[in-house]
Amino acid sequence: MAGSESSSKLRTIMAFIALLFALLSTGHCSSQVPLVMWSSEGYTLPPMASPAAGHIISNDQLVSYLNSALGSAPHNVLLFLQDKLSKDDFTRYGGVFGNNHESAFPNLESALQSSSSPLVLPALSWLGASAVPGLLQEKLGVSPLSVDPDTLAHLRLNASDNTLLLIILPYSTGIMKAQGVPYTAIYTGLKPSRVIEEPSMVGQSSMGRSLLQAVVDEVKPPLMFNTTSGPCIMLWAQNLNVSFNNLEWIDLGPLTFAPGGSVSTARSFCNETNSRLVLDYGSSVPTYNLFRLIFSMSQRRYPVSARNWFTLDTVELLFNADTAIYNGSRGIYAPAEYSFHCQNVNNFRNALLVPRTQNATQWRILFTDFQIQGFSILNRTTDFSYASDCAGFFTPGIWMGLITSLLMLLILTYGMHMIMQLRSMDRFDDPKGPSISVPQSE
């Protein structure tokens, strides 16, 4: 019966420590270690206020705790320094769920069971933890002595003298019981075993809860060409990839959209009917002394739709002294007041850019998440107008679904028609009367 009560008390103590660590250290834990202090059986640590929830104990506050604790506690101090220790280790490896035989802290559990007033600091600053030996040395006025369990067993400690022992783990609680000297023990870590990066929670109460927002990549603003009357051409793409003769892809996106990029739009122009965006990279593209990417657009009115439409007539690659030209008017168009968007614009698969010159076949072009607008841009805006997407409404999947549904509808209609053509018998044979004779002509 006594063993059962002792085991129940032990599980309660470890569960309390794990719960206290979880509740009192909800803040940023990237550089925190726990600290546990207790005294030998028969001695009680002075009452000290527990830290506020989420509060990280600083070096100065640790000094205040040590001064209060060592003011009346035994001055034979045992310091246990774990290489790596975090508050989560007590929950993951401790016997808080009744599995005491699997616990990684059996001696700590036994010591806390015999102590009447342990001190638990769940969130101690990492710098404060590394300063614990120095603080104890200054408080006790003695140098720390590093000992292993075998050496400690042969030492003779004096209750009236100050002693600071740095215990090398593992350690057995029976050693100090054999000494018969009162002591104060401190268990902490040199550095945290787990470093967790958490977003800043400025302006929120440390007692509250908040949802962690996923980090979103910053979206770069579109490239804009401005005239004296305001912006007239806008371009944006996730990637502007080009490749010559199937060599390595060259992404012009960072040079185009990054702040302080090396692209120039000075040669661009625009008016009511034509727009020309010239991206002049100079010699910024490797292996090329001159490299330009040119987008030529035009708009005109179509009587059938009773509105103006713009088309991307050509895309030109000017490299060194050569020019590769691609026709884009067949697939890249939109109403004049809209922008054009396409997830992939290329010249080699479902091509929207058709080579016009012979040397254009030597290049591969791939624009990812491409969007452009050359007309009807509102002043003082950095947003595109409504986008006309290159993806058609009737995709192959939609066509397959429509055809399958139509086929099933035809089968159902034919079946209903056959059922409606069935005729029931209007003559029946009477076993008591003459047999029914059905003429062959009938």
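Leaving aside its neighbours within four places in sequence, which residues is Asn241 in contact with? I will start there, with the reminder that what we are looking at is a predicted model, and then work outwards to the cores, the helices, the salt bridges and the surface.

Asn241 sits in strand β9, which covers residues 239–244, and, once the neighbours within four places in sequence are set aside, its contacts are Trp249, Ile250, Asp251, Arg364, Ile365, Leu366 and Phe367. With a relative accessible area of 14%, this asparagine counts as buried, because the cut-off for that class is under 20%.

Let me put that residue in the context of the whole chain. The protein chain has 442 residues, of which 39% count as buried, and it is built with 10 helices and 20 strands. If we take the contacts between residues at least 6 apart in sequence, 65% of them join residues at least 24 apart. The accessible surface comes to about 25900 Å², and carbon and sulfur atoms account for 56% of that area.

Turning to the interior, the largest nonpolar core holds 45 residues, and within that core Phe291 and Phe295 are the ones that touch the most other members. For Phe295, again leaving aside neighbours within four places in sequence, the contacts include Leu235, Leu277, Leu279, Leu312, Val315, Phe370 and Ile372, and they also include Ser275, Arg276 and Thr314. Phe367, which we met a moment ago as a contact of Asn241, is likewise in contact with Phe295. There is also a second, separate core of 22 residues, with Val33, Leu35, Leu70 and Ile186 among them.

Leu70 takes us to helix α2, residues 59–72, where it is buried along with Leu62, Tyr65, Leu66 and Ala69. Viewed down the axis of α2, the buried residues fall within an arc of 115 degrees, so they line one face of the helix. The face turned away from that buried side carries the exposed residues Asp60, Gly71 and Ser72.

Helix α6, residues 132–140, can be read in a similar way, with Val132, Pro133, Leu135, Leu136 and Leu140 buried. Here the buried residues fall within an arc of 165 degrees as seen down the axis, so they too line one face of their helix. Following α6 comes Gly141, whose phi is positive, near 75 degrees.

Now to the charged pairs, where a search of the whole structure finds 4 salt bridges. In one of them Glu316 pairs with Arg276, with the closest N and O atoms 3.6 Å apart. Since Glu316 lies in strand β14 (residues 307–319) and Arg276 in strand β12 (residues 274–282), this pair ties together parts that are 40 residues apart in sequence. The two partners fall into separate accessibility classes: Glu316 is buried, at 14%, whereas Arg276 is partly exposed, at 24%.

Another salt bridge joins Arg292 to Asp280, the closest N and O atoms being 3.3 Å apart. Arg292 belongs to strand β13 (residues 291–302) and Asp280 to strand β12, with their positions 12 residues apart in the numbering. Arg292 counts as buried at 15% relative accessibility, and Asp280 is buried with a relative accessible area of 15%.

A further one is formed by Glu337 and Arg307, whose closest N and O atoms are 2.5 Å apart. Glu337 lies in the loop between β16 and β17, and Arg307 in strand β14, so here the pair ties together parts that are 30 residues apart in sequence. Glu337 is partly exposed at 34%, and Arg307 is partly exposed as well, at 28%. Salt bridges that share partners also join Arg267, Asp280 and Arg292 into one network.

Strand β16 itself, residues 333–335, contains Ala334, which is buried with a relative accessible area of 0%. Beyond its neighbours within four places in sequence, Ala334 is in contact with Trp309, Phe310, Ser339, Phe340 and Ser388.

Finally, the surface. Leu406, Leu409, Leu410, Leu412, Met416, Ile419 and Leu422 form a nonpolar patch there, with about 750 Å² of accessible area together. Leu410, one of these, lies in helix α10, residues 396–420, and at 53% relative accessibility it counts as exposed.

Terms used:
Residues numbered from 1 in each chain as written. Predicted model: local features only at pLDDT ≥ 70, side-chain atom pairs only at ≥ 80, totals over all residues. Heavy atoms only, no water. Patch = residues over 30% accessible without salt bridge, like charges linked within 9 Å, V, L, I, M, F, W, Y side chains within 5 Å. Areas by Shrake-Rupley, 256 points an atom, 1.4 Å probe, with all protein chains shown as cover. Salt bridge = Lys/Arg side-chain N within 4 Å of Asp/Glu carboxyl O. Helix = DSSP H or I, 4+ residues; strand = E, 2+ residues; numbered from the N terminus. Buried < 20%, exposed > 50% of the residue type's maximum accessible area, 1.4 Å probe, protein only. Core = buried A, V, L, I, M, F, W, Y, C linked by side-chain atoms within 4.5 Å. Contact = heavy atoms within 4.5 Å. Arc of directions from axis to C-beta.
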